[in-house]
Amino acid sequence: MIVGYVGYSNEDHTLELQIETLKKYGCNQIFHSKNSISETKNIQVLRILDLLKPGDIFVVRKLKHLAHSITQLFKITNYIQEKGIIFVSIEDQLDTRISMGKIMFKTLEILNEFNRNILHERKVAGLKTGRPRGRNGGRPKVNQQKLNEAISLYLSQKMTVLQIQEATGISRTTLYRSLKKIKK
């Protein structure tokens, strides 16, 4: 079975070109993303892939239609490999049935791992250089005295939330979160 997937992309305002390309390729069924939100799209693609069996072919016009990020792309392509599904990206000339397609897949996998390692190294280096300067990572602690002042001003109803925020430096979100804890 040859299954096509049409994904939303900012550059392609219409989906007709993708659908036409997948029909020409010979797709028996064509699914499409109803939402451009990354997380929702990822779930939709995985549901489609669950319908496929080893040896089935999953086709997209371009890789960018399948995923919004390299990380998301690798989650999907790893799942495809684990299930034994053949993957084809028509315009990227990626076909896992041929040697060049397999090499491209492995190259993309290596680049993703390289990217993850660089991000990890930057995070560790940032934490190491920040510690001697008194920075331990994470969000800064809220000044409890200012928070108490903001809560009392809010409860006294003498100032608006915006005025309290300007006077104390406590954000609206922090104030409301603290008030919620007090009410419990």
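Start by selecting L147, A150, I151 and L153: these are the buried residues of helix α5 in this predicted model. Look down the helix and you'll see that they cover an arc of only 165° around the axis, so they sit on the same side of α5. A bit of background helps here: an α-helix has 3.6 residues a turn, so residues three or four places apart point the same way.

Now pick Q145 and L155. Both are exposed, on the other side of α5.

Next, show the whole of α5, residues 144–156. How far apart are its end C-alpha atoms? They are 18 Å apart, which agrees with the 18 Å that 13 residues should span at 1.5 Å a residue.

What do the buried residues of α5 pack against? Select α6 and α7 to find out, because those helices are their packing partners. Helix α6 covers residues 161–168 and helix α7 covers residues 172–183. Their axes are 10 Å apart and cross at an angle of about 105°, which makes α6 roughly perpendicular to α7.

Zoom in on where those two helices touch. From α6, select V161, I164 and Q165; from α7, add R172, L175 and Y176, which they meet. By class, this contact has four nonpolar residues, one polar and one charged.

For a last stop, go to helix α4, residues 99–130, and select E113. Is E113 buried, exposed or partly exposed? E113 is partly exposed, with a relative accessible area of 43%. Then add V124, 11 residues away along the chain: the C-alpha atoms of E113 and V124 are separated by 17 Å.

Terms used:
Residues numbered from 1 in each chain as written. Predicted model: local features only at pLDDT ≥ 70, side-chain atom pairs only at ≥ 80, totals over all residues. Heavy atoms only, no water. Axes fitted to C-alpha atoms, helices over the stretch in contact; angles between N-to-C directions. Helix = DSSP H or I, 4+ residues; strand = E, 2+ residues; numbered from the N terminus. Parallel < 35°, antiparallel > 145°, perpendicular 65-115°, else oblique. Contact = heavy atoms within 4.5 Å. Nonpolar A, V, L, I, M, F, W, Y, C, P; charged D, E, K, R; others polar. Expected span 1.5 Å × (residues − 1). Buried < 20%, exposed > 50% of the residue type's maximum accessible area, 1.4 Å probe, protein only. Arc of directions from axis to C-beta.
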